[in-house]
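Below is a short report for a reader who is meeting this structure for the first time. Please look at the sequence and the model, then read on.

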Amino acid sequence: MQNRPNALPAADGPSASITARALGALRRDSDGYLDGLNPEQRLAVETTEGPILVLAGAGTGKTRVLTTRIAHLISTGRARPFDILAVTFTNKAAREMKHRIGTLIGPAGEGMPWLGTFHAIGTKILRRHAELVGLKSDFTILGTDDQLRLMKQVLADQNIDEKRWPARSLSHLIDGWKNRGLTPDQVPPGEATSFAFGKGGALYTAYQARLATLNAVDFGDLLLLCLKLWRDNTDILESYQDRFRYILVDEYQDTNVAQYLWLRLLAQKRKNVACVGDDDQSIYGWRGAEVDNILRFEHDFPGATVVRLERNYRSTGHILAAASGLIAKNESRLGKTLRTEDEPGEPVTVTGAWDSEEEARLLAEAIESLQSKKHPLSEIAVLVRISAQMREIEDRFVQLGLPYRVIGGPRFYERAEIRDALAYLRVTMNVSDDLAFERIVNTPKRGLGDATLQQLHTFGRAERVPLLVAARRLCETDELKPKVRQTLRALTESFSRWARLVESQPHSEVAQTILEESGYTEMWQKDRSADAAGRLENLKEFVRSMEEFPDMAAFLEHVSLVMEASEAEGAERVSLMTLHAAKGLEFDTVFLPGWEDGLFPNQRALDESGRAGLEEERRLAHVGLTRARKRAKLSFAVNRRIHGLWSSTIPSRFIDELPAASVDVVEAPAHYSAGASRFDRNPQPFGSSYGTPGWQRAQERTQERTNANSGGRGFGASPGRRGVSSGPRQIEGELIAKSTGTPSAFSEGQRVFHTKFGPGNVAAVDGNKLTVDFDKAGRKMVLESFVQPA
DNA sequence: ATCAACGCGTTTTTT
DNA sequence: ACGCGTTGAT
């Protein structure tokens, strides 16, 4: 261990004098914020000088260390709030940190101007020096959708077939380069040729040029342009190096190369950089995170102190043992062993189900049983590998009337109506926001179609003016048809009027006016589809949320960086989310369904990234297990529908990797059971027995304990055939009826549901065509395959 | 302009 | 299977 207390002379000159530290110690005692830290945590807080890596295992008090460290720096007088740079990945994490610092040292922590996400801080820096990287300081930040639209334009400009070379791929490619800190001229020649017959690099250049003319940046640029700024202007770099006396980084294992370079440039001079993270929780490799950054820390920052936080304050012994045993199978890790002083608690359970539907049912039943034992639903979570698993589980919850909420669903600001509303505001605030203008020029429909837009583009490009200005000018000419000219003039005049309104009225009222006068609200009011009401609701919430900001510009800035919904908390509900969304959360009871090879570990991760992919999947499993305080319940299904096809699956290899002593195999209720062999990892008929790995031994152990009958052998039914062992259930009848496809499954007067038109009654049947009177949409002729019996 | 039919992709998700 | 965006017919 190279950990040493910071009793050695501080390399940093007189600022850390003995008296200063003695005074600090004095204040420290009175504040008492160090009380209750364990020795490792304390070391992590008090080692203020020089590079330090804090390896904080799950539930070891990571955030506490981070916030206490900041409090310590401030209250010992080593730094003032604005001397500290503290970066996080998500706005949520930044908010939480601000809040906790506030409770720790009171209002003194309020003014931490440099606590925020990489992107927020990058934005702040770029706005100050925009002209040095070819921007104006009021540049717009493009979201993913704008980025894609721009990408399409670039491809069209270069006459590249978008079918063959989709904009999405190009977007990925360029994002990948930006994640690695590469500007167009730095892209390795071999890679630049990999898209559209060698045009990859040229397209990147063209895309950047388009961004520049729009005075816009994408998310990657927020970091990349900082790098450029600092490399080209050493004096500015130095001013930031001096400004940030202490640097703290949260979730260091999630940093990508660009972020690493960004940090390294800033930390180079003072080297007071504290990175907190956990290599065992690195689960974002697929979006550019480099586990290597954390694995290489000691190499990158020679003489770094490494502190391991291994005492877990969250989970019981069995849960921790299961998680530790599993993660120990990974080779690329720095190595930590979590320990707890908590009791062993309940073993982790493993349950096999015949199919995913039975799995969902067992899961819901287990939750109901917990509920009846007075376990709060808010302390129960279901964590799935992929979102597609959610549907069946939700169906079950809905049937049982179990209240649940999905965490990390479609984000508020990504909803179409919100993006439309934002586009109106953006154009109002900035006439040259062409992308926003294009989005709403014909929303609601005003008869301004492609042809008109094309004209605007041509004119705008020729005159080098934004689309809105082009529209204004074109209205002065005779080049437009009278009708088009009139609507277009009305629109441009509206925007001018709204822009003036911004000067004189509260911004949320202006927004309200814009939405009404533009006909946007009306568009949704007229819309009879099922979700229109929800959209109007969202718009209302959107306008309301603006009031929290001083002005329109501040609001737009916030929105472009913060893509989160403010969801009502605290309701008594089960939480349902992906494993990724669960990072950082904890619950008393955690259900982990779908532990099957191919699903988890995910086949695609395996195919694309091989061993590294498997290890990342294993880390994901580790993250899942360590979310649980008291109970972790794994399950798998032996049959699952994948892309619509039923296929048989085998239990996840991760199950075998769990330490048997901490795992209980739980039988599904008897009437569904086809015998113990349901758990065979090789579910061919008459189960050819390949190895009989550890977890079956665990099963035997349980069987002894529960005296269960283990008489079965093989499946008795071919894997594809359903319903043999799962008992009579109505759902299956329905499925069979659907798949056998009788010609006239519907009859007059029947109640049906159409995905677009909602519920209605069948008025007439004609072969596979139905005439339906919909409750909201009126009488329509629809194909049978578009409706379901309701 | 609207709606049905066709085709495609389909892990995870933040900023 | 399913949900999407795009195409093609009215």
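A salt bridge is a side-chain nitrogen of Lys or Arg within 4 Å of a carboxyl oxygen of Asp or Glu. D145 forms one with R419, and their closest N and O atoms are 3.0 Å apart. D145 lies in helix α6 (residues 144–157) and R419 in helix α18 (residues 416–429), so the pair ties together parts that are 274 residues apart in sequence. Helices (H or I, at least four residues) and strands (E, at least two) are DSSP runs, numbered from the N terminus.

This is a predicted model, in which local features need pLDDT of at least 70, side-chain atom pairs count only at pLDDT 80 or more, and totals for chains, interfaces and linings use all residues. Residues are numbered from 1 along each chain as its sequence is written, chains are lettered from A and ligands numbered from 1 in the order in which they are written, and side-chain values use heavy atoms, with hydrogens and water left out.

**The whole chain**

Chain A has 31 helices and 21 strands. Of its 790 residues, 51% count as buried. Buried means under 20% relative accessible area, exposed over 50%, and partly exposed in between (1.4 Å probe, protein chains only). Chain A exposes about 36,000 Å², and carbon and sulfur atoms supply 52% of that area. Accessible areas come from the Shrake-Rupley method with a 1.4 Å probe; for residues, only the protein chains shown count as cover.

Contact means heavy atoms within 4.5 Å. Take the contacts in chain A between residues at least 6 apart in sequence: 74% of them join residues at least 24 apart.

**Charged pairs**

Side chains of opposite charge can pair when their charged atoms come close. How many salt bridges does the structure hold? There are 52. Three of them are set out here.

| Salt bridge | N to O distance | Place |
|---|---|---|
| D145 and R419 | 3.0 Å | α6 and α18 |
| K336 and D279 | 3.5 Å | loop between α15 and β9; loop between β7 and α13 |
| E608 and R604 | 3.0 Å | both in α28 |

Their surroundings can be read from the accessibility values. D145 is partly exposed, with a relative accessible area of 22%. R419 is partly exposed too, at 26%. K336 and D279 are both buried. This pair links distant parts of the chain, 57 residues apart. E608 is exposed at 58% relative accessibility, and R604 is exposed at 58%. E608 and R604 are four residues apart, about one turn of helix α28 (residues 603–625).

Salt bridges also form a network. It links R314, E379, E586, D588, R629 and K630.

**An enclosed helix and its neighbours**

Is helix α21 (residues 467–476) largely enclosed or largely open? Seven of its 10 residues are buried, so the rest of the structure largely encloses the helix. The buried residues are L467, L468, V469, A470, A471, L474 and C475. They pack against α18, α19 (434–440), α20 (450–463) and α22.

F495 lies in helix α22 (residues 482–504). F495 is buried, at 2% relative accessibility. Leaving aside neighbours within four places in sequence, F495 is in contact with Y424, V427, T428, I440 and L468. The C-alpha atoms of F495 and S518 are separated by 9.3 Å, and the two residues are 23 apart along the chain.

N430 sits in the loop between α18 and α19. N430 is buried, with a relative accessible area of 16%. Its C-alpha atom is 9.1 Å from that of T140, although the two are 290 residues apart along the chain.

**Backbone exceptions**

Most residues other than glycine have a negative phi, and most peptide bonds are trans. The peptide bond from T443 to P444 is cis, with omega near -5°. P444 is in the loop between α19 and α20. The bond from F600 to P601 is also cis, with omega near 5°. P601 is in the loop between β13 (587–592) and α28.

N215 is not a glycine, yet it has a positive phi of about 55°. N215 lies in the loop between α9 (200–213) and β5 (216–217) and is buried, at 9% relative accessible area. R464 has a positive phi as well, near 55°. R464 lies in the loop between α20 and α21 and is exposed, at 77% relative accessibility.
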